[in-house]
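Trainee: I have a new model open. Can you walk me through how to read its features?
Mentor: Yes. Let us take them one by one.

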Amino acid sequence: MSVSFTDSPARANIIELKNIGQSYDGGQTWIIKGLNMLIEDKPDQGQFVVLLGMSGSGKSTLLRYIAGLQQPTEGEVLIKGQPVTDKQRVSMVFQQYSSMPWMTVLDNVALALEYQGVDKKERYARAMELIELVGLAGHEKKYAQYPALSGGQLQRVAIARSIIANPEIILMDEPFGALDIKTRIQMQELLVDLWHRFSSTIIFVTHDISEAVYLADDIYIMKSPPSLIIEHIDIDLPLRRDYSTKRDKHFTELVHHVEDTMIRIAEEK
Ligand code: ADP
Ligand code: MG
């Protein structure tokens with residue numbers, strides 16, 4: 001009898017969208033049809049996945065499925081091989097600030113743990129750790145609203161809330177669209193940092209191709225309705241990137257390649 005130490009059940013993908021269809025009019029027209037996306041689980045490394053596509057191609061809809069906020073008309077959405085449940089709640093970071101403006105920064109970040117039944121003392125201790133990590137120490141007693149906090153700071157609150165709720169998966173829907181360039185670069189750095197620290201799988205939607213190439217391991221491009229994922233582009237830049245990456249010739253080539261691909265997809269009917 002041979003004994004194998006390497007036989008282990010195949011690891012489930014962290015996110016699977018299987019044969020998804022979305023219709024809002026009882027099947028007369030389809031916004032999404034036959035869409036499949038498998039995102040492998042890389043528990044020690046995490047990954048940064050960027051979704052690109054024209055407006056209306058269904059990017060936000062995909063994030064809502066993964067967050068458990070919406071069920072597709074057809075098909076299946078699995079997280080680690082299981083249908084999405086309330087327990088593994090994944091929260092989303094939007095362009096519009098998604099925190100509760102009538103609550104302090106600390107209460108906003110601690111709230112996710114309250115839902116999970118963590119006791120008060122631990123809730124606040126863990127929330128403070130996260131607040132420090134995202135660079136908001138000293139602001140925890142402020143209300144999570146503009147102008148008490150700047151746009152960048154409010155996005156830091158949203159990111160902290162998302163990570164404390166579930167560091168494995170972070171969903172971001174055009175999160176930095178409203179930020180000035182300096183703040184945007186700082187937020188990109190923060191996000192890359194948090195990705196490596198928590199080995200998170202980040203699904204990030206943006207219209208900014210240069211931002212997409214800079215942040216992504218993998219880019220997926222959606223075609224216009226009826227949508228499906230039509231192109232996967234592997235971003236073969238070093239895992240650790242910094243500002244000089246953007247000045248690299250290969251970076252520019254990738255940006256051009258992604259842009260050309262998007263134009264080609266937009267022109268195909
Ligand atoms: P994206 O984020 O890529 O811009 P969305 O996921 O927001 O695209 O939307 C995809 C398409 O689905 C759009 O054409 C939008 O109008 C349509 N849509 C989204 N929600 C609804 C709804 N509740 N009823 C009807 N159509 C919807
Ligand atoms: Mg959208």
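We start with the ligand, then turn to a helix pair and the backbone.

Mentor: Keep in mind that this model is predicted.

Trainee: Which residues are around ligand 1?
Mentor: Tyr24, Ile31, Met54, Ser55, Gly56, Ser57, Gly58, Lys59, Ser60 and Thr61. By type, the shell has three nonpolar residues, six polar and one charged.

Trainee: Which polar side-chain or backbone atoms should I check against oxygen atoms of ligand 1?
Mentor: Look for N or O pairs within 3.5 Å. A polar backbone atom of Gly56 sits 2.7 Å from a ligand 1 oxygen. For Lys59, a polar side-chain atom is 2.7 Å from an oxygen of ligand 1. The Thr61 side chain places an N or O atom 2.4 Å from a ligand 1 oxygen. Ligand 1 alone exposes 560 Å², and the protein buries 58% of that.

Trainee: At what angle do H2 and H3 pack?
Mentor: About 125 degrees, with the axes 9 Å apart. H2 spans residues 105-115 and H3 residues 120-133. H2 is therefore oblique to H3. Their crossing is right-handed.

Trainee: Now the backbone. Which peptide bonds are cis?
Mentor: Most peptide bonds are trans. Here, the bond from Tyr146 to Pro147 is cis, with omega near 5 degrees. Pro147 lies in the loop between H3 and H4. Another cis bond joins Pro225 and Pro226, with omega about -10 degrees. Pro226 is in the loop between strands E9 and E10.

Trainee: What is the phi of Lys80?
Mentor: Most residues other than glycine have a negative phi. Lys80 has a positive phi of about 50 degrees. Lys80 belongs to the loop between strands E4 and E5.

Methods:
Residues are numbered from 1 along each chain as its sequence is written. Chains are lettered from A and ligands numbered from 1 in the order in which they are written. This is a predicted model: local features need pLDDT of at least 70, side-chain atom pairs count only at pLDDT 80 or more; totals for chains, interfaces and linings use all residues. Side-chain values use heavy atoms; hydrogens and water are left out. A residue is near a molecule or strand if one of its heavy atoms lies within 4 Å of it. A polar contact is a pair of N or O atoms within 3.5 Å; within protein, one must be able to donate a hydrogen and the other to accept it, and residues adjacent in sequence count only if both atoms are side-chain atoms. Accessible areas come from the Shrake-Rupley method with a 1.4 Å probe; for residues, only the protein chains shown count as cover. Ala, Val, Leu, Ile, Met, Phe, Trp, Tyr, Cys and Pro count as nonpolar, Asp, Glu, Lys and Arg as charged, and the others, Gly among them, as polar. Axes are lines fitted to C-alpha atoms, for helices over the stretch in contact, and angles run from 0 to 180 degrees between N-to-C directions. Helices (H or I, at least four residues) and strands (E, at least two) are DSSP runs, numbered from the N terminus. Angles under 35 degrees count as roughly parallel, over 145 as roughly antiparallel, 65 to 115 as roughly perpendicular and the rest as oblique. A crossing is left-handed if the near helix is turned anticlockwise from the far one by less than a right angle, and right-handed if clockwise.
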